[in-house]
Each structure stands twice: as C-alpha cells, then as structure tokens.
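Trainee: Could you take me through one part of this structure closely, with enough of the whole chain around it that I can place what I am looking at?

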Amino acid sequence: MANTILVGAQWGDEGKGKIIDVLTEKADIVVRSQGGSNAGHTVIIGEQKYILHLVPSGILRNRKKCVIGNGVVVDPVGLVEEIRMLEDLGVKVDGKLFISDAAHLVLPYHRLLDAQREDHKGRKKIGTTKRGIGPAYADKASRTGLRMMDLIDPERFEKALRERLKENNAVLKALGAKPLSFAKVHAACRAAGDRLRPLVTNTVVLLNRALRQRKEMLFEGAQGTFLDLDHGTYPYVTSSNTTAGGACTGSGVPPHRIDRVVGVMKAYTTRVGEGPFPTESDELGDLLHGMGREFGATTGRPRRCGWFDAVLTRHAAMVNGIDDIAVTNLDGLDTLERIRICVAYKLNGKKLDYVPADLHQLAACEPVFRDLPGWQSDTSRARKWKELPARARQYLEAVANLVGASLGIVSVGPARDQTIVLK
Ligand code: IMP
C-alpha cells in the first residue's frame with residue numbers, strides 16, 4: 001500500500017466509505033483532509049451499518065490511526081455524538097483518533113446561517129446539507145474563524161465565542177432568524193471541548209513524523225470532484241477542495257509523498273442538490289429508487305440519477321491524476337436490458353470532450369450516448385472478475401477505457417466482501 005488519495009470522481013455519494021474500508025486494511029493511517037459533517041460515509045460490517053460523518057472510516061479497524069486534518073471543518077458537538085455512537089457500538093476511539101488543532105469549528109450560528117441563506121435564495125438555492133459548511137469555510141477565509149485550539153482553551157474560547165456570536169446574531173437577525181443564546185451555545189461547546197481535548201494535537205507534525213517512519217497513509221476524500229469549490233459546477237458546489245490537491249493542503253503532507261490516486265465512481269451517476277446534470281434520467285431514477293437505492297446518507301433526500309457520464313469522469317481523471325478507478329454499485333444495473341454511457345457532449349452542434357467551466361454551457365450540453373447490452377443477471381454474488389457476466393466485464397472495460405485509467409476495484413454490493421479487487 002502506497003500513500004494513496006481516494007477521491008470521488010462524480011458529485012459525491014460514489015460509495016467511497018466502502019472502498020476506503022477495503023483499502024484501509026493495508027494502511028497505517030487514515031486521514032480526512034476536507035469537508036465536514038456534510039459527508040456521510042456508509043460502511044457495513046456483518047449485520048452492523050455505520051454512517052460516519054467526520055471520523056475516518058479507519059476507526060472501524062483495529063490498530064489504525066485516524067486523523068481529522070487541518071482542512072476539515074469540525075462541528076464539535078456533532079463529533080462528540082459520533083464518538084459516543086461508535087463507543088456505544090464497542091469501537092475504541094481514544095488513542096486512535098487525532099484531531100488537528102488548526103481545524104476550524106462549525107458552530108451553531110454557521111448551521112443557522114446556512115439554513116437561512118438557503119431559504120432566502122428560494123429557487124436559486126444550492127441545496128446544501130445545512131450542516132454549516134459554507135459559512136464555516138467563509139469564516140476561515142475571512143480570518144474570523146475559531147479553531148480546535150481555541151475550543152480546548154476555555155478562557156480563550158469563551159471570549160472569542162462572545163465576540164463572534166455578537167456579530168453573527170446581528171446577521172441572523174437581519175436575515176429574520178432568532179438570535180442564539182450565548183449561554184446555551186457556550187455550554188454545549190464547552191462540554192464538547194472537554195471531551196475532545198485529549199484528542200487534539202498538531203497533526204501536521206504527527207503525519208510527517210509518520211511519513212519518516214515509512215507509515216502508509218490513505219486520504220479519505222469526501223464529496224466528489226464536481227462539488228469542488230474550484231473545479232466543480234460552481235456555485236452548486238461545496239466549500240472545500242474535494243480534488244486530490246486538497247488532500248495535501250488539508251493535511252500538511254507534501255504532494256511528492258503521494259504515490260497513488262484512486263477515483264471512485266458509480267457505474268451510473270447521481271447527484272443531490274441543485275445544478276446541471278447532463279445524463280439525468282427519470283427512467284433510471286425510478287428504477288433505482290424503486291429498488292430502495294439512492295437516498296442520501298446525511299439528509300435522506302432521494303438522489304437524482306443518470307447514466308454513466310464518461311466526459312465527467314475523464315475530466316475527473318485529469319484534474320485528480322487518477323491512476324486506478326473503483327467502480328461501485330454495478331449491481332444497480334443488473335436488471336437493465338440496455339445500458340447507456342455518455343461518451344461526449346454536444347454543445348451548439350459541436351462535440352465537446354471535456355466539462356465546460358461555464359454552468360450555462362454545461363446546462364445546454366446534450367449527451368452523446370453509446371448503448372451497451374445489459375447482462376440481466378445478478379452480479380451481487382460475484383467475488384472474482386471471472387464470476388462477472390461477460391457483458392458486465394465488457395461494460396466495465398468500456399468505462400475504464402473511456403475514463404483513461406485502469407480498473408482497480410469493482411463493488412457489487414454494500415457489504416465488505418462484495419468486492420472484486422483487481423489491483
Ligand atoms: P454543503 O457541502 O452542505 O454546503 O452542500 C453543497 C452541495 O454539495 C449540495 O449540493 C450538497 O448536496 C452537496 N454535498 C455536500 N456533501 C455531500 C456529500 O457528502 N455527498 C453528496 N453531495 C454532497
């Protein structure tokens with residue numbers, strides 16, 4: 001196992017949680033470097049289903065260190081709840097989880113601002129998870145954010161929170177929301193700070209020391225390439241860099257220490273929230289929702305569904321430097337007679353083989369499809385490449401060729417063992 005960055009190659013929800021869990025077996029340290037509790041990584045082990053929002057999925061294995069890096073925005077109260085949930089299920093957290101002292105905090109006013117701003121946008125809303133992510137990163141960029149190091153220093157935190165709440169309450173009032181009570185916010189955060197204090201450390205030093213000891217790291221990307229603040233379908237994006245570069249800035253691990261980038265993609269495409277989606281298909285959406293699939297792990301919202309978009313994923317391979325792909329949810333296509341792959345876009349009569357940065361152009365792109373015959377048999381029991389139907393293999397090979405990366409992993413169901421590892 002080399003130092004590996006795992007990224008989502010579509011709009012998030014690619015099934016990264018499961019692939020991370022598979023790859024974690026060979027890693028020493030699992031690192032989250034961006035995003036916050038907007039992420040929802042689902043891991044199923046035996047009968048138990050875990051949905052993790054902030055804690056890296058490596059926590060579910062023994063002897064793995066897990067790091068929440070400086071680039072993550074942490075809701076301290078939510079994190080304590082997640083830790084409690086893990087502990088109640090018998091998962092050990094202390095001594096395994098390390099939180100960056102420089103990670104910014106998501107505080108109750110960020111959540112409220114997120115919700116208020118979305119409501120005010122009406123039809124132009126982004127469709128955020130309302131977890132306060134945008135406002136927390138905005139505070140970071142405005143240099144008015146509070147960090148983990150502030151939270152664990154009670155005196156400093158009380159003073160800073162009082163100041164920040166004054167300003168944010170004025171904004172909330174202007175947006176028509178009720179101001180927050182300092183006493184309530186302070187009490188909840190103070191308690192969370194007390195629980196988290198032993199876990200907070202300088203993770204940049206911790207990770208670079210580990211690199212010198214030749215420990216191997218897995219960077220657990222959250223969201224997906226097209227939700228990236230710079231490379232995504234702006235403004236319908238999240239507020240962090242979800243692409244491979246974000247793993248370095250969000251952890252303090254230098255780029256030349258990265259050996260491999262794995263891009264996770266579904267065998268079809270989904271997105272939650274608003275924004276253009278060239279291959280969106282109600283037919284496929286109805287089929288998948290009817291099977292009980294494609295409901296959001298964080299918000300429960302039904303995801304929008306569409307055919308596999310090779311223009312999108314090839315663009316993701318370019319931006320992230322994807323070496324290997326992990327294709328998930330292959331079994332979702334098991335019943336189809338005909339499967340479509342978008343191989344190019346058509347814009348104003350011209351063929352386009354990349355994703356235009358201009359949202360209006362992307363919204364006007366029409367997909368050019370290549371149709372492949374479906375395999376119409378159950379793939380969920382396949383554990384080896386050879387056990388997949390020939391037409392499923394043909395489909396996967398077409399996907400890998402179009403993306404321009406090699407096929408590393410195929411996932412045929414949510415369980416840990418429903419996985420075919422090729423590389
Ligand atoms: P935010 O990250 O909550 O600000 O939401 C911004 C956009 O990113 C919305 O379209 C969300 O639905 C989307 N988003 C955020 N996190 C995830 C995720 O983990 N999976 C899929 N979509 C996400």
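Mentor: What follows begins with the chain as a whole and then turns to the loop that holds Arg293, its partner Asn329, and some other local features.

Please keep in mind throughout that this is a predicted model. The secondary structure comes to 13 helices and 20 strands, and the C-alpha atoms fill a box of roughly 65 × 50 × 40 Å along the principal axes. The radius of gyration is 21 Å, which agrees with the value near 22 Å that a compact globule of 423 residues would have. Of these 423 residues, 58% count as buried, and among the contacts with a separation of 6 or more, 76% are between residues 24 or more positions apart. The chain exposes about 17,900 Å², and carbon and sulfur atoms supply 49% of that area. As for charge, the mean positions of the 61 positive and 49 negative charges are 2 Å apart.

Now to the part itself. Arg293 sits in the loop between helix H10 (282-290) and strand S13 (304-306). Although arginine carries a charge that is counted as positive, Arg293 is buried, because its relative accessible area is 17% and the cut-off for buried is under 20%. Leaving aside residues up to four places away in sequence, Arg293 touches Tyr268, Leu288, Asn329, Asp331 and Gly332. With Asn329 there is a polar contact from side chain to side chain, at 3.2 Å.

Asn329 deserves a look of its own, since it counts as buried at 17% relative accessibility. Asn329 is placed in the loop between strand S15 (324-328) and strand S16 (338-347), and its phi is near 60 degrees, a positive value in a residue other than glycine. The polar contact between Arg293 and Asn329 therefore joins two side chains whose residues are each buried.

A useful contrast is Arg214, which also is not a glycine and has a positive phi of about 60 degrees. Arg214 lies in the loop between helix H8 (203-212) and strand S10, and it counts as exposed because its relative accessibility is 71%. Further along, in the loop between strand S10 (217-220) and helix H9 (244-249), lies Pro235, which is joined to Tyr234 by a cis peptide bond with omega of about 5 degrees.

Helix H11 (residues 310-320) is mostly covered, with eight of its eleven residues buried; among them are Val311, Leu312, His315 and Asn320. At the start of H11, a side-chain oxygen of Asp309 reaches to within 3.0 Å of the backbone nitrogen of Val311, and just after the helix Gly321 takes a positive phi of about 70 degrees.

Helix H4 (residues 133-142) offers another case: its buried residues are Ile133, Pro135, Ala136, Tyr137 and Asp139, and they pack against strand S6 (73-74), strand S8 (104-105), helix H3 (108-121) and helix H6 (154-174). H4 is followed by Arg143, whose phi is positive, near 65 degrees.

Key. Residues numbered from 1 in each chain as written. Predicted model: local features only at pLDDT ≥ 70, side-chain atom pairs only at ≥ 80, totals over all residues. Heavy atoms only, no water. Helix = DSSP H or I, 4+ residues; strand = E, 2+ residues; numbered from the N terminus. Rg over C-alpha atoms; globule rule 2.2 N^0.38 Å. Buried < 20%, exposed > 50% of the residue type's maximum accessible area, 1.4 Å probe, protein only. Contact = heavy atoms within 4.5 Å. Areas by Shrake-Rupley, 256 points an atom, 1.4 Å probe, with all protein chains shown as cover. Charge placed at Lys NZ, Arg CZ, Asp CG, Glu CD. Polar contact = N/O pair within 3.5 Å; in protein donor to acceptor, adjacent residues only side chain to side chain.
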